[in-house]
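Have the model open in your viewer and a notepad at hand. Each exercise sets a task, and a worked solution follows straight after.

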Amino acid sequence: MAPIVNSLSPTQGPAAGGTSVTLTGSGFTGASSVRFGTNPAQFATLSDTTISCTAPAGSGSSGVTVTAPSGTSNSVTFTYLPAPVISSVTPTQGPTAGGNSVALTGTALSGATAVMFGGHSATITGNTSTQITAQAPAGAAGPVNLTVTTGGGTSTPVSYFYVPLPAVESVSPTLGPTLGGNTVTVTGSNLTLTSAVRFGSRAATGVSVSSDGQLTALAPFGSGTVTVTVTTPGGTSLTGIGTPYYTYVAQPIVTGLSPNQGPAAGGNSITITGSNLTYTDSVMVGGTPASFVTVSDANVVVVAPGGTPGNVTVLVHSPGGSSSAGYQYTP
């Protein structure tokens, strides 16, 4: 009586072959061949009811048969699964901390059992025949091989890059006008892939990266003291103790001078009254730099330089802008 194949375990495997398959049935004693379709398999007869074999390479569905001195058995189907193929990855880079969602597009992706970022396993959150979404695991900065494993085998690797967290070490200047628009230089590390610079919650414009350690940006409008952060595919720079701050300075306002006139020889003291004078960084009297002392947010005392008799302008400047008032040199 010809052998009988009752079942296979497993019933499917990769097209490349190599799957260990156990056949159960009867009449296996003295078996001379096991075939998957027309392709012979390496096998070992364990008993009259059990054969262990290694599936050869193949495609589609193949009938598995056993031939013994008494004849050839019935056929039981073994299904070859195509190897998964990754055609694209979005995004192709992410933070070393992981946790970001990555979409893998390709073919034969259904039934994924593993998505590996280098030696680290990702959490699969979605799976169809053409796309897998996965939560990237943590990894060391640098490139890794990204692969998908299904019943059809493991895909050819594609590259994924772990980007280190950016760091902001200093900003210059640290003061600027509430209207923004001034250029601020940010120094730090891992800045090459900067996608955004924020002053507090507001995004800067005109971001230009000159090196991995430096960039410039145009400050947005704002008020008070804020933290400057940089965002890259590696994440957003940390804030807290040790991180630099940027302070918005209101435009100075000059409301009066006392006295508002003095000798052309100069040397007399002028008290400037107004508001937002704390950050005064220069005072010009008739276009000539003057020595000054900031007394309070409302008062600055200036030593008048010499000048030509006539009316001149006293110009007060700070990171917040400028304000002026008239002064007269007397003969």
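The exercises below go from the whole chain down to single residues of this predicted model.

**Exercise 1. The chain as a whole**

Work out how the overall dimensions of the chain differ from those of a compact globule, and what secondary structure the chain holds.

*Solution.* Start with the secondary structure: the chain has 38 strands and zero helices. Next, take the radius of gyration. For 331 residues a compact globule would have a value near 20 Å, but this chain has 39 Å. The spans of the C-alpha trace along the principal axes are about 135 × 30 × 25 Å. Then look at burial and surface. Buried residues make up 40% of the 331, and the accessible surface comes to about 15000 Å², with 55% of that belonging to carbon and sulfur atoms. Finally, consider the contacts with a separation of 6 or more: 55% of them link residues 24 or more positions apart.

**Exercise 2. An open sheet**

Find the strand order of the five-stranded open sheet that includes β33 and β37, and name its edge strands.

*Solution.* Reading across the sheet, the order is β31-β38-β37-β33-β34, with mixed pairing. The edges are β31 (261-263) and β34 (288-289), each of which pairs on one side only. Now zoom in on one pair inside the sheet. Strand β33 (residues 282-285) runs antiparallel to strand β37 (residues 310-318), and four bridges join them. To find the register, locate M284, which stands opposite L315 in β37.

**Exercise 3. The largest nonpolar core**

Identify which residues of the largest nonpolar core touch the most other members, and which strands supply at least two residues each.

*Solution.* The core has 18 residues, and those touching the most other members are L257, I272, V283, V285, V302, V314 and Y327. The strands that each supply at least two residues are β30 (253-258), β32 (269-275), β33, β36 (299-303), β37 and β38 (321-330). Follow L257 as an example: beyond its neighbours within four places in sequence, L257 contacts I270, T271, I272, V314, A325, G326 and Y327. The general trend is worth recalling here: nonpolar side chains in soluble globular proteins tend to be buried together.

**Exercise 4. Aromatic pairs**

Classify the ring pairs F78–Y80 and Y327–Y329 by their geometry, and decide whether the residues are buried or exposed.

*Solution.* The total to choose from is seven aromatic pairs. For F78 and Y80, the ring centres are 5.2 Å apart and the planes lie at 75°, so this pair is edge-to-face. Both F78 and Y80 are buried. For Y327 and Y329, the centres are 5.6 Å apart and the planes lie at 90°, so this pair is edge-to-face. Y327 has a relative accessible area of 2% and is therefore buried; Y329, at 3%, is buried. One more step: F78 and Y80 belong to an aromatic cluster with F36.

**Exercise 5. β12 and its partners**

Trace the two strands that pair with β12, then describe the surroundings of G106.

*Solution.* One partner is strand β10 (residues 85-90), which pairs with strand β12 (residues 101-107) in the antiparallel sense over five bridges; here T90 stands opposite A103. The other is strand β16 (residues 131-135), antiparallel to β12 and joined to it by five bridges; here S101 stands opposite Q135. Now turn to G106, which is found in β12. Its relative accessibility is 8%, so G106 counts as buried. Outside the four nearest places in sequence, G106 contacts V85, I86, S87, S129 and T130. G106 and P84, 22 residues apart in sequence, have their C-alpha atoms 7.5 Å apart.

**Exercise 6. Two residues, two burial classes**

Assign T65 and F43 to their strands and burial classes, and list their contacts.

*Solution.* T65 lies in strand β7 (residues 61-68). Its relative accessibility is 15%, under the 20% limit, so T65 is buried. Sequence neighbours up to four places away aside, T65 touches S33, V34, R35, T72, S73, N74 and S75. F43 lies in strand β5 (residues 39-47). At 28%, F43 falls between the 20% and 50% limits and therefore counts as partly exposed. Leaving out neighbours within four places, F43 contacts A31, S32, S33, V34, I51, S52 and C53. As a last check on distance, the C-alpha atoms of F43 and V209 are separated by 63 Å, with their positions 166 residues apart along the chain.

Terms used. Residues are numbered from 1 along each chain as its sequence is written. This is a predicted model: local features need pLDDT of at least 70, side-chain atom pairs count only at pLDDT 80 or more; totals for chains, interfaces and linings use all residues. Side-chain values use heavy atoms; hydrogens and water are left out. Buried means under 20% relative accessible area, exposed over 50%, partly exposed in between (1.4 Å probe, protein chains only). Contact means heavy atoms within 4.5 Å. Two strands pair if DSSP finds at least two bridges between them. Rings of Phe, Tyr and Trp (its six-membered ring) pair if their centres lie within 6.5 Å; planes under 30 degrees apart count as stacked, over 60 as edge-to-face and the rest as tilted. A nonpolar core is a set of buried Ala, Val, Leu, Ile, Met, Phe, Trp, Tyr and Cys residues joined through side-chain atoms within 4.5 Å. The radius of gyration is taken over C-alpha atoms; the globule rule is 2.2 Å times the number of residues to the power 0.38. Accessible areas come from the Shrake-Rupley method with a 1.4 Å probe; for residues, only the protein chains shown count as cover.
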